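The following note sets out points for a colleague who is about to examine this structure. It begins with strand pairing and then turns to the packing of helices.

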Amino acid sequence: MNGKVTDFSQFAPEQEKPLGKLLPDGGFCSIFRSIGCVGDSLSSGEFEAVHADGSKEYYDFYDYSWGQYLGRMCGSKVLNFSRGGMTASEYCKTFAEENGFWSKDLACQAYILALGVNDLLNYGQPVGSIADIDPEDWSKNKPTFAGYYGMIIQRLKQIEPRAQFFLMTIPRDEREGQIPVLADQHRELLRQMTEFFDNCWLLDFRAYAPVYDAAFKEKFFLGGHMNPCGYILTAKMTASYIDYIIRHHMPTFFETGYIGTPYRYHLD
């Protein structure tokens, strides 16, 4: 021992950006031994196939999903609570119940939520606001995207109260019209949710991920969905962003190993 105090600032440089570097092994994201991914087609490894007559079909290849790539990268168990076309409202009304996803047997230490594209951009679900969430009774939430999205978090918190939640915003792309407006409203809503709920963090891909422009899609997309390289890239970005959050808020994650157990170190 040389008597010097270790400088932990090296783990969280002040000028660092969340996706300033992509980690090959997931970094500190690996502290979560079980992760649930709640999402739509892009969370399900969906590919589209074109038939001889020009028609298209879509298939969820879960083994190619960014969640499963993340799991293999980090050595964590990752569960896909997702399906192509999923919305927060369908998840709450039918999908989760029909598939047993509210079961305590499927409780995870962390959840990554990636919903909103279908809800807002494809089906015109009202965005809503934080006021649509009843903090005492999720069954009284308003029938808006905010109400249903908040309901997912609330119900998962009932299953595992100490779980950590990571909410993913919609990346930028070259599309025009109402899409940027709705995506920005989605981002602001999720930011507010990180303040409304405890143990809740923003994965702001809208601010820090590459723009999904024509050059990006040429490399990482297969039609309207990602190709295998695109899903691997998303896994690297997701794990690296979570690593960034952990390194910048390390005391919050000290007891991660006790999530899902009755044990504690710091008593409330």
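**Notes on the sheet and its helices**

1. In this predicted model, strand S6 (residues 164–168) pairs with strand S7 in the parallel sense, over four bridges. One residue pair can be named at this junction: Met-168 has Leu-203 of S7 as its bridge partner.

2. Strand S7 covers residues 200–203, and its side chains point two ways. Cys-200 and Leu-202 face one way, whereas Trp-201 and Leu-203 face the other. Such a pattern fits a general rule: in a regular strand, side chains alternate between the two faces of the sheet. All four of these residues of S7 are buried; Leu-203, the bridge partner of Met-168, is among them.

3. The pairing of S6 with S7 belongs to an open sheet of five strands, ordered S4-S1-S5-S6-S7, with parallel pairing. Strand S4 (77–82) and S7 are the edge strands; each has a single partner strand, so one side of each lacks a neighbour in the sheet. On average, neighbouring strands in this sheet are turned by 20 degrees against each other, direction ignored.

4. At the S4 edge, strand S1 (residues 34–39) is joined to S4 by six bridges, and the two strands run parallel. Gly-36 has Leu-79 of S4 as its bridge partner.

5. Which strands do helices H4 and H5 meet? Helix H4 lies across S1, strand S5 (110–114) and S6, and runs at about 160 degrees to S6. Helix H5 also packs on the sheet, where it touches S6 and S7, and its direction makes about 155 degrees with that of S7. Strand S6 is thus named for both helices.

6. Helices H4 (residues 145–159) and H5 (residues 179–196) should also be considered as a pair: their axes come within 12 Å and cross at roughly 40 degrees. The two helices are therefore oblique to each other, and their crossing is right-handed. Helix H4 contributes Phe-145, Ala-146, Tyr-149, Gly-150 and Ile-153 to the contact, while H5 contributes His-186, Leu-189, Leu-190 and Met-193. By class, the residues of this contact comprise seven nonpolar, two polar and no charged.

7. A further helix pair is formed by H1 (residues 66–74) and H8 (residues 228–248), whose axes come within 8 Å and cross at roughly 60 degrees. Helices H1 and H8 are therefore oblique to each other, and H1 passes H8 in a right-handed crossing. From H1, the contact involves Trp-66, Tyr-69, Leu-70, Met-73 and Cys-74; from H8, the residues include Pro-228, Tyr-231, Ile-232 and Thr-234, as well as Lys-236 and Ala-239. The residues of this contact divide into ten nonpolar, two polar and one charged.

8. Is Cys-74 buried or exposed? Cys-74 lies in helix H1 and is buried, with a relative accessible area of 8%. Leaving aside residues up to four places away in sequence, Cys-74 touches Asp-25, Gly-26, Cys-29, Ser-30, Arg-33 and Ala-239. Among these, Ala-239 is also listed for H8 in the contact with H1.

9. A distance relates the two helix contacts described above. The C-alpha atoms of Cys-74 and Met-193 are separated by 27 Å, and the two residues stand 119 residues apart along the chain. Cys-74 takes part in the contact of H1 with H8, and Met-193 in that of H4 with H5.

Terms used
Residues numbered from 1 in each chain as written. Predicted model: local features only at pLDDT ≥ 70, side-chain atom pairs only at ≥ 80, totals over all residues. Heavy atoms only, no water. Axes fitted to C-alpha atoms, helices over the stretch in contact; angles between N-to-C directions. Parallel < 35°, antiparallel > 145°, perpendicular 65-115°, else oblique. Left-handed = near helix turned anticlockwise from the far one by under 90°. Contact = heavy atoms within 4.5 Å. Nonpolar A, V, L, I, M, F, W, Y, C, P; charged D, E, K, R; others polar. Buried < 20%, exposed > 50% of the residue type's maximum accessible area, 1.4 Å probe, protein only. Pairing = 2+ DSSP bridges.
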